[in-house]
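Here are some exercises to work through with the model open beside you. Try each task first, then follow the solution step by step.

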Amino acid sequence: NQFEHFEHSSNISDPEYVKEVTEWLNSTEASNVFGALENKLLEHVCLTRNITVDMLNNLATLSIDEQTRVNKSMQDTIYVYLAADNEQVKDYFIEILERNHSYHFPINIM
């Protein structure tokens, strides 16, 4: 049972709990969950800034006007407020976002 130790309110320092969380973070399921969250976040950011993911990924191919508009939209900081039952899970997702998107726009994750 996933996160059984948390469900039974065990100590988060319990080696079995830590092992279970670590195993999940290294699983295909975790990769799929974080990938879906990351994609939704990026889609939302682009939608609210009136740009597309393709524009971010292909900036050099855009016209000067489009590059200027995208660059201007990327200057505003993105604030992501994460809630997690486990700090290790939260930190893992933060690392993914910072690694994959800090070059797109400044990200502050709390």
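**Exercise 1. Check the length of helix α3 against the span expected from its residue count.**

Solution. Step 1: helix α3 runs over residues 28–48, which makes 21 residues. Helices here are DSSP runs of H or I with at least four residues, strands are runs of E with at least two, and both are numbered from the N terminus. Step 2: the expected span is 1.5 Å times one less than the number of residues. Step 3: that rule gives 30 Å for α3, and the end C-alpha atoms are 30 Å apart, so the two agree.

A word on the source: this is a predicted model, in which local features need pLDDT of at least 70 and side-chain atom pairs count only at pLDDT 80 or more, while totals for chains, interfaces and linings use all residues. Residues are numbered from 1 along each chain as its sequence is written, and side-chain values use heavy atoms, leaving out hydrogens and water.

**Exercise 2. Sort the residues of α3 into buried and exposed, and find what the buried ones pack against.**

Solution. Step 1: apply the cut-offs, where buried means under 20% relative accessible area, exposed over 50%, and partly exposed in between (1.4 Å probe, protein chains only). Step 2: A30, F34, E38, L42, V45 and C46 come out buried in α3. They cover an arc of only 120° around the axis, so they sit on the same side of α3; the arc is taken from the directions from the helix axis to the C-beta atoms. Step 3: on the other side of α3, T28, N32, K40, L47 and T48 are exposed. Step 4: with contact meaning heavy atoms within 4.5 Å, the buried residues of α3 pack against α2 (15–25), α4 (53–57), β1 (78–80) and α6 (87–101).

**Exercise 3. Look at what lies at the two ends of α3.**

Solution. Step 1: S27 caps the N-terminal end, with a side-chain oxygen 3.4 Å from the backbone nitrogen of E29. This fits the polar contact rule: a pair of N or O atoms within 3.5 Å; within protein, one must be able to donate a hydrogen and the other to accept it, and residues adjacent in sequence count only if both atoms are side-chain atoms. Step 2: after α3 comes N50, whose phi is positive, near 60°.

**Exercise 4. Classify the aromatic pairs that F34 forms with W24 and F93.**

Solution. Step 1: rings of Phe, Tyr and Trp (its six-membered ring) pair if their centres lie within 6.5 Å; planes under 30 degrees apart count as stacked, over 60 as edge-to-face and the rest as tilted. The structure holds 3 aromatic pairs. Step 2: W24 and F34 are edge-to-face, at 5.8 Å centre to centre with 70° between the planes. This pair joins helix α2 to helix α3, across 10 residues. Step 3: F34 and F93 have ring centres 5.4 Å apart and planes at 15°, so they are stacked. Here helix α3 is linked to helix α6, across 59 residues. Step 4: W24, F34, Y92 and F93 form one aromatic cluster.

**Exercise 5. Which residues touch the most other members of the largest nonpolar core?**

Solution. Step 1: a nonpolar core is a set of buried Ala, Val, Leu, Ile, Met, Phe, Trp, Tyr and Cys residues joined through side-chain atoms within 4.5 Å. Step 2: in the largest core, with 25 residues, the answer is F34, L56, V70 and F105. Step 3: α2, α3, α4, α5 (64–74), β1, α6 and β2 (107–109) each supply at least two residues of this core.
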